[in-house]
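Open your viewer and get ready to click around. We'll go stop by stop, and at each one you'll hear what to select and what is there.

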Amino acid sequence: MKIRTERSEDCGEIFDVVGSAYGEGGHASHKQQLLVEGLRDSESFVRELSLVAEMDGEIVGYIVLARIRIITKELQKGALALATIAVVKRYRGKGIGAKLIQKAHRRAKALGFDAVIAVGGGEYFQKFGYQGIKKYGIEVPFDGPDERGMVKELTENALEGIKGTVEYPREFYRKGTATGKVKQ
Ligand SMILES: CC(C)(COP(=O)(O)OP(=O)(O)OC[C@H]1O[C@@H](n2cnc3c(N)ncnc32)[C@H](O)[C@@H]1OP(=O)(O)O)[C@@H](O)C(=O)NCCC(=O)NCCS
């Protein structure tokens, strides 16, 4: 299994991998693949942080981290959103999701990013050092049944003293995605 940066010819396969992973069983995030497509054409896209897991020439997993900003009273801090992670059903539980996250974190840090914010997927993300957002005094603008925000500091204390609201690119607000339900 190889993890590598996405290439332009991967887009169709990524669309299907994300669509099927998030669309299972009438999941509320059935349009997550459209968020991925939208991000690719946006300023928040960082190609080196859009990674596929490839097995025998087949794409079996995908992750994308995208640029966001945390808006505080004093400043705007750049960070990343874990926008999407998906693994094809028959390949789950083999650590592919873990490898995608770990590689994305390493690359993000090497590019100078120091924090990642994820929405949903609480227990899964905890395995990789993500912590509930409430502890940080940071808010995300999305509603949902689970705790809406998990934070991973890539550098120790990267978010110390940062209290504010995350500003997402507009693609995250698309209805039918994991983040599409806006807080009232
Ligand atoms: C989440 C996902 C990417 C994990 O991929 P994976 O390759 O199976 O992950 P790993 O093999 O690294 O880890 C599997 C472990 O995580 C657990 N896990 C998977 N999804 C989980 C979730 N939503 N919450 C808590 N634990 C979860 C599994 O039970 C397994 O536990 P174990 O190692 O104790 O057996 C995959 O299940 C998926 O594509 N899900 C649908 C899309 C999705 O929900 N994405 C995340 C949205 S926030």
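In which strand is Ile71 found? Select Ile71 and you land in strand E3. Before going further, know that this is a predicted model, where local features need pLDDT of at least 70 and side-chain atom pairs count only at pLDDT 80 or more, while totals for chains, interfaces and linings use all residues. Residues are numbered from 1 along each chain as its sequence is written, and side-chain values use heavy atoms, with hydrogens and water left out. The labels work like this: helices (H or I, at least four residues) and strands (E, at least two) are DSSP runs, numbered from the N terminus.

**Stop 1: Ile71**

Stay on Ile71 and add Thr165 to your selection. These two are 94 residues apart in sequence, yet 5.4 Å apart in space, C-alpha to C-alpha. Now show what Ile71 is in contact with (heavy atoms within 4.5 Å). Leaving aside neighbours within four places in sequence, you should find Gln76, Lys163, Gly164, Thr165 and Glu167. Ile71 counts as partly exposed because its relative accessibility is 27%. For that word and its relatives, buried means under 20% relative accessible area, exposed means over 50%, and partly exposed is in between (1.4 Å probe, protein chains only).

**Stop 2: Arg4 and Asp10**

Next, select Arg4, in strand E1 (residues 2-5). Is Arg4 buried or exposed? Arg4 is buried, because its relative accessible area is 8%. Show its side chain together with that of Glu54: a polar contact of 3.0 Å joins the two. A polar contact is a pair of N or O atoms within 3.5 Å; within protein, one must be able to donate a hydrogen and the other to accept it, and residues adjacent in sequence count only if both atoms are side-chain atoms. Beyond its neighbours within four places in sequence, Arg4 also touches several residues, including Asp10, Ser50 and Leu51.

Click on Asp10, in the loop between E1 and H1. Asp10 counts as buried too, because its relative accessibility is 5%. A polar atom of its side chain lies 2.6 Å from the backbone nitrogen of Arg7. Not counting neighbours within four places in sequence, Asp10 is in contact with Arg4, Thr5, Val52 and Ile59.

**Stop 3: two helices, H1 and H2**

Colour helix H1 (11-23) and helix H2 (residues 32-40). How do H1 and H2 pack, and at what angle? The angle is about 145°, and their axes are 7 Å apart. Here, axes are lines fitted to C-alpha atoms, for helices over the stretch in contact, and angles run from 0 to 180 degrees between N-to-C directions. On the H1 side, look for Cys11, Ile14, Phe15, Val18, Gly19 and Tyr22; on the H2 side, look for Gln32, Gln33, Leu34, Val36, Glu37 and Arg40.

Keep H2 selected. Seven of its nine residues are buried, among them Leu35, Gly38 and Leu39. The cover over those buried residues includes H1, strand E2 (45-55), strand E3 (58-72) and E4.

**Stop 4: Gly176**

Jump to Gly176, in the segment after strand E9 (164-167). With a relative accessible area of 17%, Gly176 is buried. Gly176 and Leu35 are 141 residues apart in sequence but 9.4 Å apart in space, C-alpha to C-alpha. Setting aside residues up to four places away in sequence, Gly176 touches Ala28, Ser29, His30, Lys31 and Gln32.

**Stop 5: two loops with a twist in phi**

Most residues other than glycine have a negative phi. Select Asp56, in the loop between E2 and E3: its phi is positive, about 50°, although Asp56 is not a glycine. Asp56 counts as exposed because its relative accessibility is 81%. Then pick Asn157, in the loop between strand E8 (150-153) and E9. Asn157 has a positive phi of about 60°, and counts as partly exposed at 44% relative accessibility.

**Stop 6: the ligand**

Finally, show the ligand and the residues near it (one heavy atom within 4 Å). Of the 19 residues around the ligand, Val87, Gly93, Gly95, Gly97 and Ala98 come nearest. Oxygen atoms are worth clicking here: one is 2.8 Å from a polar backbone atom of Gly93, and a backbone N or O atom of Ala98 lies 2.9 Å from an oxygen atom of the ligand.
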